[in-house]
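Hi,

Here is the structure I said I'd pass on. Have a look at it first, and then read my notes below.

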Amino acid sequence: MNEKLLTGLLATALICGGCGSDDNDNDDNGGEITPPPVADTIDAGEALAINLTLAEFDGETGTLNFALKDDAGLAITNAKDYRIVYFGFPDSTTASSKAKAWKHWHVTQSYLCDSAEGDCQGVLTETDKGQYSFDATDLNWDANTAPGSVKEYKVGIEIKGAKATNELVLLPST
């Protein structure tokens with residue numbers, strides 16, 4: 001190849017490589033570099049742990065408000081699959097004429113959701129990042145017991161992710 005042609009090509013490459021640079025290392029933010037945003041949420045399908053904190057539980061209506069976080073404290077979003085079981089008990093401070101049985105009975109009502117099958121009972125709503133409310137549609141404490149006999153309420157909430165499920169604990173009404 002011609003030595004003059006090669007020298008000309010190298011000179012052109014060097015000149016063009018320097019174009020567009022103003023030797024100003026400052027960016028448009030007054031010299032401060034903005035770091036990328038830090039993730040504060042994780043999808044329920046990716047969470048390796050699910051921790052539930054009950055904020056509110058109205059036993060009579062079944063209304064629930066709770067928060068979901070993983071072990072790193074990230075808010076868990078897009079939770080869809082669940083099993084929620086409501087328990088109703090008689091008043092534990094009231095005496096009964098049936099000495100052996102009265103404190104042992106309870107009634108339950110379950111709500112399940114398998115989003116893959118599209119079969120969900122009740123309504124789970126994400127109200128904010130990692131914050132959820134649940135509406136127990138058709139909850140009827142008098143359906144399987146004497147009207148008005150249920151006085152104490154508890155709930156078990158299980159949220160299912162693709163990689164983790166929270167520990168199921170029986171929680172009293174707030």
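Start at Leu 64: its bridge partner in β9 is Phe 134. That pair belongs to a longer match, since β3 and β9 (residues 131–135) run antiparallel to each other and share four bridges. Keep in mind that this is a predicted model, so please read everything here as computed from it.

β3 has a second partner too. Six bridges tie β3 (residues 64–69) to β2 (residues 51–57), again in the antiparallel sense. If you want a spot to click on, try Thr 53, which faces Ala 67 in β3. The hairpin made by β2 and β3 has six residues between its strands, and there Gly 62 has a positive phi near 85 degrees.

Now for the inside. Which residues touch the most other members of the largest nonpolar core? They are Leu 64, Phe 66, Ile 84, Tyr 86, Phe 134 and Ile 157, out of 29 residues in that core. So you meet both halves of our opening pair, Leu 64 and Phe 134, again here. At least two core residues come from each of β2, β3, β5 (81–89), β6 (107–114), β9 and β10 (152–160). The top contributor is β10, which gives four.

Ile 84 is a nice one to zoom in on. Ignoring neighbours within four places in sequence, Ile 84 is in contact with Leu 64, Gln 109, Ser 110, Tyr 111, Phe 134, Val 155, Gly 156 and Ile 157.

Next, the other strands. There is an open sheet of five strands, paired antiparallel, and you can trace the order as β7-β6-β5-β10-β11. Its edges are β7 (119–120) and β11 (170–172), each of which pairs on one side only. At the β11 end, three bridges connect β10 and β11, which run antiparallel. One residue to look for there is Lys 154, whose bridge partner in β11 is Pro 172.

How many disulfides does the structure hold? Just one, and it links Cys 113 to Cys 120, with the sulfurs 1.9 Å apart. Are its two ends buried or exposed? Cys 113 counts as buried because its relative accessible area is 6%, under the 20% cut-off. Cys 120 is partly exposed because its value, 39%, falls between the 20% and 50% limits.

Then have a look at the loop between β10 and β11, where you'll find Thr 165. Thr 165 is partly exposed, at a relative accessible area of 39%. Leaving out neighbours within four places in sequence, Thr 165 has contacts with Ile 50, Glu 158, Ile 159 and Lys 160. It's also a good reminder to check space as well as sequence: Thr 165 and Ala 44 are 121 residues apart in the chain, while their C-alpha atoms are 9.5 Å apart.

Finally, the whole protein. It has one helix and eleven strands, and the helix comes ahead of the strands in the sequence pattern. Of its 174 residues, 29% count as buried. Among contacts between residues at least 6 apart in sequence, 63% join residues at least 24 apart. The protein exposes about 11600 Å², and carbon and sulfur atoms supply 51% of that.

Have fun clicking around!

Key:
Residues are numbered from 1 along each chain as its sequence is written. This is a predicted model: local features need pLDDT of at least 70, side-chain atom pairs count only at pLDDT 80 or more; totals for chains, interfaces and linings use all residues. Side-chain values use heavy atoms; hydrogens and water are left out. Two strands pair if DSSP finds at least two bridges between them. A nonpolar core is a set of buried Ala, Val, Leu, Ile, Met, Phe, Trp, Tyr and Cys residues joined through side-chain atoms within 4.5 Å. Buried means under 20% relative accessible area, exposed over 50%, partly exposed in between (1.4 Å probe, protein chains only). Contact means heavy atoms within 4.5 Å. A disulfide is a pair of cysteine sulfur atoms within 2.5 Å. Accessible areas come from the Shrake-Rupley method with a 1.4 Å probe; for residues, only the protein chains shown count as cover.
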